[in-house]
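Visitor: Please put the structure up. After that, I would like to go through it by question and answer.

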Amino acid sequence: MKKPRLEEVAYEYVLKCIQDNRLKMGDFVSQQDLAQELNMSRTPIRAAITKLSGEGYIRMLPYHGAFVAFYKDLPAKGWDQG
């Protein structure tokens, strides 16, 4: 069995953090902090964030960084209350 690529490890970790609500909508996603937590360079973290951005989980803002976007499988708080 082959070892998973670091990009895949980072992707699964960040996605799980979003799904478990450890990273909430609007939270800044620090590449440096994630690299330290996962004990890897920022390159696979950046690749994972880019992939998650393409899937709509993270929003990347030029010159500002990456933020958790609305998590599409959770209901938006306040939107269904009228």
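Visitor: Which residue in strand 3 does Met60 stand opposite?
Guide: Strands here are DSSP runs of E with at least two residues, helices are runs of H or I with at least four, and both are numbered from the N terminus. Strand 2 and strand 3 are antiparallel partners over 4 bridges, where pairing takes at least two DSSP bridges between two strands. Opposite Met60, in strand 3, stands Ala66.

Visitor: What pLDDT must side-chain atom pairs have in order to count?
Guide: Residues are numbered from 1 along each chain as its sequence is written, and side-chain values use heavy atoms, with hydrogens and water left out. This is a predicted model: totals for chains, interfaces and linings use all residues, local features need pLDDT of at least 70, and side-chain atom pairs count only at pLDDT 80 or more.

Visitor: In what order do the strands lie in the sheet?
Guide: In general, strands of a sheet pair through backbone hydrogen bonds, either parallel or antiparallel. Here the sheet is open and its pairing is antiparallel; the 3 strands lie in the order 1-3-2.

Visitor: Which strands have one side left without a neighbour in the sheet?
Guide: A strand at the edge has a single partner strand, so one of its sides is left without a neighbour. Strand 1 pairs with strand 3 in the antiparallel sense over 2 bridges. The edge positions belong to strand 1 and strand 2 (58–61).

Visitor: Which residue takes a positive phi in the hairpin of strand 2 and strand 3?
Guide: The hairpin has 3 residues between the strands. The residue in question has a phi near 65°, a positive value, and is not glycine. At 85% relative accessibility it counts as exposed, that is, over 50%, whereas buried means under 20% and partly exposed lies in between (1.4 Å probe, protein chains only). This loop residue is Tyr63.

Visitor: Which residue is the bridge partner of Arg59?
Guide: The partner belongs to strand 3. Phe28 stands opposite that residue as well. The bridge partner of Arg59 is Phe67.

Visitor: What is the angle between the planes in the aromatic pair?
Guide: The structure holds 1 aromatic pair, formed by Phe28 and Phe67 at 5.5 Å centre to centre. Rings of Phe, Tyr and Trp (its six-membered ring) pair if their centres lie within 6.5 Å; planes under 30 degrees apart are stacked, over 60 edge-to-face, and the rest tilted. This pair is edge-to-face, with its planes at 65°.

Visitor: How many residues apart are the two members of this pair?
Guide: Phe28 is in strand 1 (residues 28–29) and Phe67 in strand 3 (residues 65–68). Phe28 is partly exposed at 47% relative accessibility, and Phe67 is partly exposed at 23%. The pair links distant parts of the chain, and its members are 39 residues apart.

Visitor: Over which ring does the charged end of Lys51 sit?
Guide: A charge sits over a ring if NZ of Lys or CZ of Arg is within 6 Å of the ring centre and within 35 degrees of the ring normal. The charged end of Lys51 is 4.4 Å from the centre of the ring of Tyr11.

Visitor: How wide is the arc covered by the buried residues of helix 2?
Guide: In helix 2 (residues 31–38), the buried residues are Leu34, Ala35 and Leu38. The arc is taken from the directions from the helix axis to the C-beta atoms. The three are on the same side of helix 2, because they cover an arc of only 100°.

Visitor: Which residue with a positive phi follows helix 2?
Guide: The buried residues of helix 2 have cover that includes helix 1 (6–19), strand 1 and helix 3 (42–54). After helix 2 comes a residue whose phi is positive, near 55°: Asn39.

Visitor: What pattern does the chain follow along the sequence?
Guide: The secondary structure comes to 3 helices and 3 strands. Buried residues make up 29% of the 82 residues. Read along the sequence, the pattern is α-β-α-α-β-β.

Note on methods
Contact means heavy atoms within 4.5 Å.
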